[in-house]
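Q: Please take a close look at the helix crossing in this model. What packs there, and what surrounds the contact?

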Amino acid sequence: MPEVAVNVDIDYVAPRHLAGGGDPAWITVPLHRACGWSYGHDPLMPRVLLSSPDQKALLRLEPDPDGRWWTLQHAPAPDRPAWFASFDARTPVEMIAAFTDVLTDPTADQGDNWDPQEPLLTAGWSPAYSHHRLASPDGTVRVEADEATGAWWVDTALRDFRTLLWQAHFSEHTPPHLITAFTAALTDPRPVPRTAGPSSLPTRNPDLITLSHREVPAQQVAGALEERVRSLAARRSGPPATSTHPPQRPQTERHRLR
């Protein structure tokens, strides 16, 4: 008998910061297969540990209802003290992946002249309460920098910010080109796919999100991850994919958060 094609129900959600966490494999599988990160796990604990080939970076995925799900810790380097980044469960994997993609890119511009606010300002974000905080046009995201330490926070909530949907935190000394990669992904207008169904979304408010339902061949869904792995692996021997870099900084002068 001919093989029957299997379809998967996909919801494409925009803006992506209200799409929920997504599939962790979008981050963990490429780190292991394309970037050479080794993994360890405790069969009695629901967590994943991935360490970089040079043993300087450790990514921990640990489901914790009262804390961060994702934590990336980086050891000190000759030119930079130790730093860490953390992400809550509902932080979209596409944004975390943008961060780790640039972290593992051997050709990334690692200079300190990156400004994480540039993608936000280009996308029409505006100051909220102070020049050290920017708010998204829909009012559901705030990005704030600590002028004294250089730490950054990204907070997402539906109303009044009394209950956060998710938070990302970049500690003091986090390389600014990595934070810029995250803010660029945060402002990317393209919808992201989710397979868990609309009931898993933080909100279905049509004033806040656009939801498009589609049936997609399961092979196409699996193929997207495989293509991502191939693209990232190719960076070792050829030019990096353009999507792994933050956008180029505009030439015009802008007011800086810090």
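A: Start with the handedness term: a crossing is right-handed if the near helix is turned clockwise from the far one by less than a right angle, and left-handed if anticlockwise. The model is predicted.

The crossing involves helix H2 (residues 93-103) and helix H4 (residues 176-186). Their axes come within 8 Å and cross at roughly 150°. H2 passes H4 in a right-handed crossing.

Now the side chains. H2 brings Glu94, Met95, Ile96, Ala98, Phe99, Val102 and Leu103 to the contact. H4 answers with His177, Leu178, Ile179, Ala181, Phe182, Ala185 and Leu186. By class, that contact has 12 nonpolar, one polar and one charged residues. Glu94 is the charged one, because Glu counts as charged. His177 is the polar one, because His falls outside both the nonpolar and the charged lists.

The spacing along each helix is worth a look. An α-helix has 3.6 residues a turn, so residues three or four places apart point the same way. Among the H2 contact residues are Met95, Ala98, Phe99 and Val102. Among those of H4 are Leu178, Ala181, Phe182 and Ala185.

Two of the contact residues, Phe99 of H2 and Phe182 of H4, lead into the aromatic part. Phe99 and Phe182 belong to one aromatic cluster, together with Trp83, Phe87, Trp166 and Phe170.

A pair of aromatic rings is described by the distance of the centres and the angle of the planes. The structure holds seven aromatic pairs. One of them joins Phe87 and Phe170, with 5.7 Å centre to centre and 75° between the planes. That pair is edge-to-face, because its angle is over the 60-degree cut-off. Phe87 sits in strand S6 (residues 83-87) and Phe170 in strand S11 (residues 164-170). The pair therefore links distant parts of the chain, 83 residues apart. Both rings belong to buried residues, Phe87 and Phe170.

Phe87 also pairs with Phe182. Here the centres are 5.7 Å apart and the planes meet at 25°, so this pair is stacked. Phe87 lies in S6 and Phe182 in H4, so the pair ties together parts that are 95 residues apart in sequence. Phe87 and Phe182 are both buried.

Next, the stretch before H4. His173 lies in the loop between S11 and H4. Its phi is near 80°, a positive value in a residue other than glycine. His173 has a relative accessible area of 32%, so it is partly exposed.

H2 has another neighbour, helix H1 (25-33). In H1, Ala25, Ile27, Thr28, Pro30 and Leu31 are buried. The buried residues of H1 pack against H2, and also against S3, S4, strand S5 (70-74) and helix H5 (218-233). The loop between strand S1 (7-14) and H1 holds Pro15. A cis peptide bond joins Ala14 to Pro15, with omega about -5°.

In short, H2 and H4 cross right-handed, and Phe99 and Phe182 from their contact are members of one aromatic cluster.

How values were computed
Residues numbered from 1 in each chain as written. Predicted model: local features only at pLDDT ≥ 70, side-chain atom pairs only at ≥ 80, totals over all residues. Heavy atoms only, no water. Axes fitted to C-alpha atoms, helices over the stretch in contact; angles between N-to-C directions. Helix = DSSP H or I, 4+ residues; strand = E, 2+ residues; numbered from the N terminus. Contact = heavy atoms within 4.5 Å. Phe/Tyr/Trp six-rings, centres within 6.5 Å; stacked < 30°, edge-to-face > 60°. Buried < 20%, exposed > 50% of the residue type's maximum accessible area, 1.4 Å probe, protein only.
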